[in-house]
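Student: I would like to take a close look at one part of this model, the surroundings of a single aromatic side chain. Could you begin there and then follow the connections outward, step by step?

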Amino acid sequence: MNNIRQVYLNGAFLPPAQAQVSAFDRGFVFGDGVYEVIPVFGGRLFRLPQHLARLGNSLREIRMTNPLPAAEWQRVFERLVEIQGGGELSIYLQVTRGVAPRDHAFPPNLAPTVFAYAAPLKYPPAEEVERGIAAITAPDIRWLRCDIKAIALLPNAMLRSQALDQGAAEAILLRDGFMTEGAASNIFVVRGGRLLTPPKGPLILPGVTRDLVLELARAHGVPCAEEAVSEAVLRAADEVWMTSSTKEILPITRLDGKPVGDGRPGPLHARLLALYKDYKRDFCAGKVD
Ligand code: PDD
């Protein structure tokens, strides 16, 4: 936490050590809350409306009112960016239901706990982008509402740790013979020159980076589809990538100890990464929103 100068908690900007939350907060006791991670490039909030829309959806699905209007969220984030000195950051924000005596059912009319900070963005090392990373497959042990960006991430933490134990960086999750997503990422595969990723629904998080990759692919004539990806298609893929706000578009070149395709990042990855970087450059220059 050394590199975080101030955090936002319930209306105040404070040094991290002074930001305190009740031990009876339902976020602490039940994991009753939702979160977002928003990248900041060149001091600007990347895809803010999309992240706020997803936050609104997560809150609605757990029957909470959004504590702040969009303009107020933006003001909080911009202040955090300014405090942190701009540049390349990631905003973490979480909203929990608030403090109440322990009882499972949602208590009405609680004051939510609203917490946010900006931290330096840690990019994957250049060699991971150039050579790709290793992933394992694992059964998707999570719940059936993965479209909600819930703070309760114990299964995801277990799955990521399982990957690390096996010398890999990510776990690709399988449910009923089909791929869902990564422990903390969305997954794309390339098969016969086509880019495929599973359709949105309750079993995956609708990733903001995922949507941007599809948007860029469509705009530049790269064949792509949102389509169920079976385990067999995953294992036979020419390329596999993971996407997230903090890892961007990372090639997966080993799966369960075996090479993906020829074991090197593929041509479609190079194409989409270049399009993504161009888009980011234009964004930093204020040419696109
Ligand atoms: N996680 N799926 C899961 C389960 C995730 O946790 C994430 C991102 C994604 C990618 O979503 P996006 O492109 O909007 O970042 C997909 C964030 C980065 C995290 O938990 O730190």
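Tutor: Let us start with Phe283, which counts as buried because its relative accessibility is 1%, and please keep in mind throughout that this is a predicted model. Phe46 is buried as well, with a relative accessible area of 5%. These two residues, Phe46 and Phe283, form an aromatic pair, with their ring centres 4.9 Å apart and an angle of 85° between the planes, an arrangement that is edge-to-face. The pair links distant parts of the chain, since Phe46 sits in the loop between β4 (44–45) and α2 (48–61) while Phe283 belongs to helix α8, 237 residues apart. The two rings are also part of a wider group, for ring pairs link Phe41, Phe46, Tyr276, Tyr279 and Phe283 into a cluster.

Two members of that cluster, Tyr276 and Tyr279, lead us to the packing of helices. In α8, Leu272, Leu275, Tyr276 and Tyr279 meet Thr209, Leu212, Val213, Leu216 and Ala217 of α6. By class, this contact of α6 with α8 has eight nonpolar residues, one polar residue and no charged residues. To describe two packed helices, one gives the angle between their axes and the distance between the axes. Here the axes of helix α6 (residues 208–219) and helix α8 (residues 267–284) come within 10 Å and cross at roughly 105°. That angle makes α6 roughly perpendicular to α8, because values from 65 to 115 degrees are counted in that class.

Helix α8 also carries charged residues that pair with each other. In general, side chains of opposite charge can pair when their charged atoms come close. Asp278 forms a salt bridge with Arg281, and their closest N and O atoms are 3.1 Å apart. Both residues, Asp278 and Arg281, lie in helix α8, where three residues, or about one turn of the helix, separate them. Asp278 counts as partly exposed at 35% relative accessibility, whereas Arg281 is exposed, with a relative accessible area of 53%. Elsewhere, salt bridges that share partners join Lys200, Arg210, Asp211, Arg218 and Glu226 into one network.

For a comparable arrangement, turn to helix α3 (residues 70–84), in which Arg79 and Glu82 are three residues apart and therefore separated by about one helical turn. Arg79 forms a salt bridge with Glu82, the closest N and O atoms being 3.0 Å apart. Arg79 counts as partly exposed at 34% relative accessibility, and Glu82 counts as exposed at 56%.

Another salt bridge has buried partners: Asp140 pairs with Arg175, with the closest N and O atoms 3.8 Å apart. This pair links distant parts of the chain, because Asp140 is in the loop between β7 (133–139) and α5 (154–165) and Arg175 is in strand β8 (residues 170–175), 35 residues apart. Asp140 counts as buried at 8% relative accessibility, and Arg175 is also buried, with a relative accessible area of 15%. Altogether, the structure holds 23 salt bridges.

Finally, let us return to the aromatic rings, for which the count comes to 10 aromatic pairs. One of them joins Tyr8 and Phe13 in an edge-to-face arrangement, 5.3 Å centre to centre with 65° between the planes. Tyr8 is buried, with a relative accessible area of 5%, while Phe13 counts as partly exposed at 24% relative accessibility.

Terms used:
Residues are numbered from 1 along each chain as its sequence is written. This is a predicted model: local features need pLDDT of at least 70, side-chain atom pairs count only at pLDDT 80 or more; totals for chains, interfaces and linings use all residues. Side-chain values use heavy atoms; hydrogens and water are left out. Axes are lines fitted to C-alpha atoms, for helices over the stretch in contact, and angles run from 0 to 180 degrees between N-to-C directions. Helices (H or I, at least four residues) and strands (E, at least two) are DSSP runs, numbered from the N terminus. Angles under 35 degrees count as roughly parallel, over 145 as roughly antiparallel, 65 to 115 as roughly perpendicular and the rest as oblique. Contact means heavy atoms within 4.5 Å. Ala, Val, Leu, Ile, Met, Phe, Trp, Tyr, Cys and Pro count as nonpolar, Asp, Glu, Lys and Arg as charged, and the others, Gly among them, as polar. A salt bridge is a side-chain nitrogen of Lys or Arg within 4 Å of a carboxyl oxygen of Asp or Glu. Buried means under 20% relative accessible area, exposed over 50%, partly exposed in between (1.4 Å probe, protein chains only). Rings of Phe, Tyr and Trp (its six-membered ring) pair if their centres lie within 6.5 Å; planes under 30 degrees apart count as stacked, over 60 as edge-to-face and the rest as tilted.
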